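This report looks at selected side chains, their contacts and their exposure. Please keep the sequence and the structure in view while reading.

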Amino acid sequence: MKSPSLHLYTLPILLALNAISIIAMQFIVPSMPSMQETFGVTPATVQLTLTVFMLGYAIVQIGCGPLSDRYGRKIVLIWSMTIFVVGSFLGAAAQGIEVLLLARLLQAIGAAAGFVLPPAVARDVYGQNGAAKAMSYISIAAGLAALVAPYFGGLVHEAMGWRAGMVIVGLLG
């Protein structure tokens, strides 16, 4: 195990990685009626943006652990966040609902590692005893993210529109 001073920023990064996946899922929920208007589609079609996200998020989580075991946690996280950011900016630029659905799928693919890998990294870095404490903080961050994401998503939507929400989520990534 490395010296504690080398892990000064590890826990905040793990908290952010975990929170971003939850923020991405819920940040645009208040904007869904506006997306319906923008693309001229039914509410059910816009709700597919959430369904596609959750489906991709769930399926990709299965492969994140084995991939990180084989190639390393860092490289999987870097690629995942890159895919997440690309998906976020693609979503902001979407001119059709189909592109937005693809963007949300890319966001989900990228966000999945941010949910799965922080516990593994915590175990790697802090050991079995320290990982329990780190995991409690990660759980708190996840709960807070789920609580505040729709609220701040609504504020951003009211001030700047739903596309700005996608940009902000991408910048967070």
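## Salt bridges

With which residue does Asp124 form a salt bridge, and how far apart are the closest N and O atoms? In this predicted model, the partner of Asp124 is Arg73, and the closest N and O atoms of the two are 2.7 Å apart. Asp124 belongs to helix α5 and Arg73 to helix α4, which spans residues 73-93, so the pair ties together parts that are 51 residues apart in sequence. Asp124 has a relative accessible area of 46% and is therefore classed as partly exposed. As a general point, side chains of opposite charge can pair when their charged atoms come close.

Arg73 also takes part in a salt bridge with Asp69, where the N to O distance is 2.9 Å. Asp69 is exposed, its relative accessible area being 58%. The structure holds two salt bridges, and through shared partners Asp69, Arg73 and Asp124 are joined into one network.

## A buried arginine without a salt bridge

Arg104 lies in helix α5, which covers residues 97-160. What is the nearest side chain of opposite charge to Arg104, and how far away is it? That side chain is Glu98, at 14 Å, and Arg104, although buried, has no salt bridge. Because a salt bridge requires a side-chain nitrogen of Lys or Arg within 4 Å of a carboxyl oxygen of Asp or Glu, the distance of 14 Å to Glu98 does not meet the criterion.

The side chain of Arg104 does, however, reach the backbone oxygen of Ala24 at 2.8 Å. When residues up to four places away in sequence are left out, Arg104 touches Ala24, Met25, Ile28, Thr49, Leu50, Phe53 and Met166.

## Thr49 in helix α3

One of the residues touched by Arg104 is Thr49, which is placed in helix α3. Is Thr49 buried or exposed? Its relative accessibility is 0%, so Thr49 counts as buried.

The side chain of Thr49 reaches the backbone oxygen of Val46 at 2.6 Å. Setting aside neighbours within four places in sequence, the contacts of Thr49 are Ile28, Met32, Ile97, Leu100, Leu101 and Arg104. Ile28 thus appears among the contacts of Thr49 and also among those of Arg104.

## A nonpolar surface patch

Which residues make the nonpolar surface patch of about 800 Å²? The patch is made by Tyr137, Ile140, Leu144, Leu147, Val148, Tyr151, Phe152 and Leu155. Of these residues, Ile140 has its place in helix α5, and with a relative accessibility of 49% Ile140 counts as partly exposed.

Tyr151 is likewise found in helix α5, and with a relative accessible area of 52% Tyr151 is exposed. The C-alpha atom of Tyr151 is separated by 7.9 Å from that of Phe27, although the two residues are 124 residues apart along the chain.

## A separation along the chain

Gly65 is located in helix α3, which runs over residues 43-71, and at 21% relative accessibility Gly65 counts as partly exposed. Between the C-alpha atoms of Gly65 and Gly161 the separation is 36 Å, the two residues being 96 residues apart along the chain.

Conventions
Residues are numbered from 1 along each chain as its sequence is written. This is a predicted model: local features need pLDDT of at least 70, side-chain atom pairs count only at pLDDT 80 or more; totals for chains, interfaces and linings use all residues. Side-chain values use heavy atoms; hydrogens and water are left out. Helices (H or I, at least four residues) and strands (E, at least two) are DSSP runs, numbered from the N terminus. Buried means under 20% relative accessible area, exposed over 50%, partly exposed in between (1.4 Å probe, protein chains only). Lys and Arg count as positive and Asp and Glu as negative; His and the chain ends are not counted. A polar contact is a pair of N or O atoms within 3.5 Å; within protein, one must be able to donate a hydrogen and the other to accept it, and residues adjacent in sequence count only if both atoms are side-chain atoms. Contact means heavy atoms within 4.5 Å. Patches are made of residues with over 30% relative accessible area and no salt bridge: like charges are joined within 9 Å, nonpolar side chains (Val, Leu, Ile, Met, Phe, Trp, Tyr) within 5 Å. Accessible areas come from the Shrake-Rupley method with a 1.4 Å probe; for residues, only the protein chains shown count as cover.
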